[in-house]
Each structure stands twice: as structure tokens, then as C-alpha cells.
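Open the model in your viewer and keep the selection tool at hand. Each stop below says what to select next and what is there.

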Amino acid sequence: MKPLLIAGEINVDLVLTGCERLPEFGGEVLASGFRQGPGSSSMICAMGLARLGHPVAFAGVTGMDGWGDYCIDAMREARIDVSAVRRDASLQTGITVALSSQQDRALVTYAGAIGALRQDMITDERLAGCGHLHVSSYYLQDLLQPGLRELFERARRAGLTVSLDPGFDPHQRWGRELVALLPLVDVFLPNEREACAISGESTAQASLHALRNGHTLTVVKLGGDGCIALQDDGSLLAVAAHAVDVLDSTGAGDSFDAGFLHAWRRGMTLRDCLRWGSACGSLSTRGIGGTACQGSEADVRAMLEAAA
């Protein structure tokens, strides 16, 4: 199988867990745990796919600094092809501070080099060597956004399938530009809040119908409530999350993406793709940070067999 190419952001996650509440200016809260790890939606998805044994290549931009070295070394250790990662001495590698509780997390991000990737940095030769293109964090990709249609069109001409995780819009403008790209996207992977904001609907189920375009498979991630998608006949298919002792939910949606895409590229049924995504998302919450406890293929199979 040809590698899955991820074009996206690179940053370090500094995860503070056990926060009882969010701090206010002038105040202070205590955390009960801390971990530094590879961060960003794109890197967590890439590391999750590699953990499943999936061949992965990565295209992104980092600064010429210690954080950049750290991220690239982490991907190399996971056997991810980083030959398409650019270093820019004029930029700092991005950092995200995650304040996490058992219920949810809040993020503060210094973008740095996150938005520096351009579509012309991904050559046709690179695309020709891959079988699938995945893009995460659409709203953080300042220089990639204007060229994303051209990148998707080049990828499709080269025979690649395409997936997109929009991530959260920190400016909360959302807009309709992303919706116009969806006919070029095979798999769209928003969470509930993102799906509702992008579609203009008030519920996840209504957003599935609103975003239906006859081509794109939209999967809405519901956190602890599992995930939903529409089947070919328009009927709703829902899969529950797995019960685990949650330590930190940072990056669970990105690990879901990894599990779903791993199964989808192997031609599994929609129900099984959702089950693989749900299992990978659940397994990742057992540790602090997005990559500490991502599941292997054996871990996922054991979880699914236990739930059968």
C-alpha cells in the first residue's frame, strides 16, 4: 500500500491535566499532571497511523529550533517519512498549551510556523508516491488555505483519495469556503461543534444532511458519545465510544481520524471504519497527551473483540 501523506501543522503540546477550572486573568489554578509530547492535529493523526503500522509521509514547516528538532525526531522514531518537512530559520515552531480535565480541554496556541505550509511545497512527484492525502486544521493553515483547491485537484489527478479534518476556527468566522471544497474530499471528519458551525445547523444529525453532496462521506465525532455518519441510503449509522478510564482527551479526535482512515483505506465497511475510529479515539485517552497511549492494531482488535 502506498503511504498516506499528511499535509499539516507541526507543534509541541504542553499538556496540563487535572485542571478543576480554567484560570482567569490575575488568577491561578493548579494542575495534577504534566506531559510534553508531539502535538498538533496533523502530527497526532500521523503518529496514530504509524502506531497502527500504516505507512505515513508528512509535509509541514518547523522553525530551526529545539522544538522543531523534537517534533521531527519524534516522527522519525515512529518511522514516518519526514523528507517533505521544511525548516525555516525565520520562524519559531508552534506550541500549544492544553488545559485538560476528564470532560474536555481548552487550548492556547502560539502558531509560529504552523501556517507557513504552501501547496506548492508539495510536489507532483511527492503526490505520485502516495495513495491518500489528509489535511488537518484547515483554519490554522493560513498559507495553505488559498491553494487547497489546487492541491486537492492535483492529488485527485494523481489518483489519490482525500480526507479533511477542519479543526476549530479560532476566529469563529467559519465561512462557506470550506464547504465549496467538499466535492473534492472523500472523507470529512469534523467534531460536533465544527460540523454545526460549518453547516449552520443546530445538531450533528442535521449537519450530516446539510453537508451531504452525493460524494463526500462526512463523519461527525461526538466525543464520549461516539460518532455518526449517513449510509448510502441516507439512514443514520451511530457507533458508541468505548468505556475506558479517561486520563486526558487531548487529541482523541485526531486518533479517531487515524483509526478511521486506516480501516477505510483497507476497504472495511462503514460500520467497521467507525468502530476502528472510535476504538483508537478511546485508547488514546488512557494517557496524558495525544500520542502517549495510542493503540496498536493488536490493541484495537482486542478492544473490538471484547466489545462484540
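Start with the open sheet of 4 strands, ordered β3-β2-β6-β7, in this predicted model. Its pairing is mixed. Color the two edge strands, β3 (33-39) and β7 (105-110). Each of them pairs on one side only. Step across the sheet and the twist averages 20° from one strand to the next.

Now select β6 (residues 94-100) together with β7. These two strands run antiparallel, joined by 6 bridges. To see one bridge, pick Ala 98. Its bridge partner in β7 is Leu 107.

Add helix α1, residues 41-51. Helix α1 lies across β2 (11-17) and β3. Against β3, the helix runs at about 85°.

**The 9-strand sheet**

Clear the selection and go to the other open sheet, which has 9 strands. What is their order? Reading across, it is β5-β4-β1-β8-β9-β10-β11-β12-β13, and the pairing is mixed. The edges are β5 and β13 (236-239). Each has a single partner strand, so one side of each is left without a neighbour in the sheet.

Begin at the β5 edge. Select β4 (residues 56-63) and β5 (residues 81-88). They pair in the parallel sense over 6 bridges. Ala 57 is a good residue to click: its bridge partner in β5 is Asp 81. Next show helix α2, residues 66-77. Together, β4, α2 and β5 make a right-handed β-α-β unit.

Move along to β9 (residues 161-165) and β10 (residues 187-188). This pair is also parallel, with 2 bridges. Select Ser 163 and you will find its bridge partner, Val 187, in β10.

**Helices on the sheet**

Which strands does α7 lie across? Select β10, β11 (217-221), β12 (227-230) and β13: α7 lies across these four. The helix runs at about 30° to β12. Then add helix α9, residues 270-284. Helix α9 packs on the sheet and touches β11, β12 and β13. Its direction makes about 30° with that of β13.

**α6 against α7**

Stay with α7 (residues 204-211) and bring in helix α6, residues 192-199. Their axes come within 9 Å and cross at roughly 50°. That angle falls outside the classes for parallel, antiparallel and perpendicular, so α6 counts as oblique to α7. The crossing is left-handed.

Show the side chains at the contact. From α6, select Glu 192, Ala 195, Cys 196, Ile 198 and Ser 199. From α7, select Ala 204, Ser 207, Ala 210 and Leu 211. By type, the contact residues are 6 nonpolar, 2 polar and 1 charged.

**α9 against α10**

For the last stop, select α9 and helix α10, residues 297-307. How far apart are their axes? The axes are 10 Å apart, and the helices pack at an angle of about 110°. Angles of 65 to 115 degrees count as roughly perpendicular, so α9 is roughly perpendicular to α10.

On the α9 side, pick Arg 275, Trp 276, Ala 279, Cys 280, Ser 282 and Leu 283. They meet Glu 297, Asp 299, Val 300, Arg 301, Met 303 and Leu 304 of α10. Color this contact by residue type: 7 residues are nonpolar, 1 is polar and 4 are charged.

Conventions. Residues numbered from 1 in each chain as written. Predicted model: local features only at pLDDT ≥ 70, side-chain atom pairs only at ≥ 80, totals over all residues. Heavy atoms only, no water. Axes fitted to C-alpha atoms, helices over the stretch in contact; angles between N-to-C directions. Parallel < 35°, antiparallel > 145°, perpendicular 65-115°, else oblique. Left-handed = near helix turned anticlockwise from the far one by under 90°. Contact = heavy atoms within 4.5 Å. Nonpolar A, V, L, I, M, F, W, Y, C, P; charged D, E, K, R; others polar. Pairing = 2+ DSSP bridges. Right-handed = clockwise from strand over helix to strand, strands pointing away.
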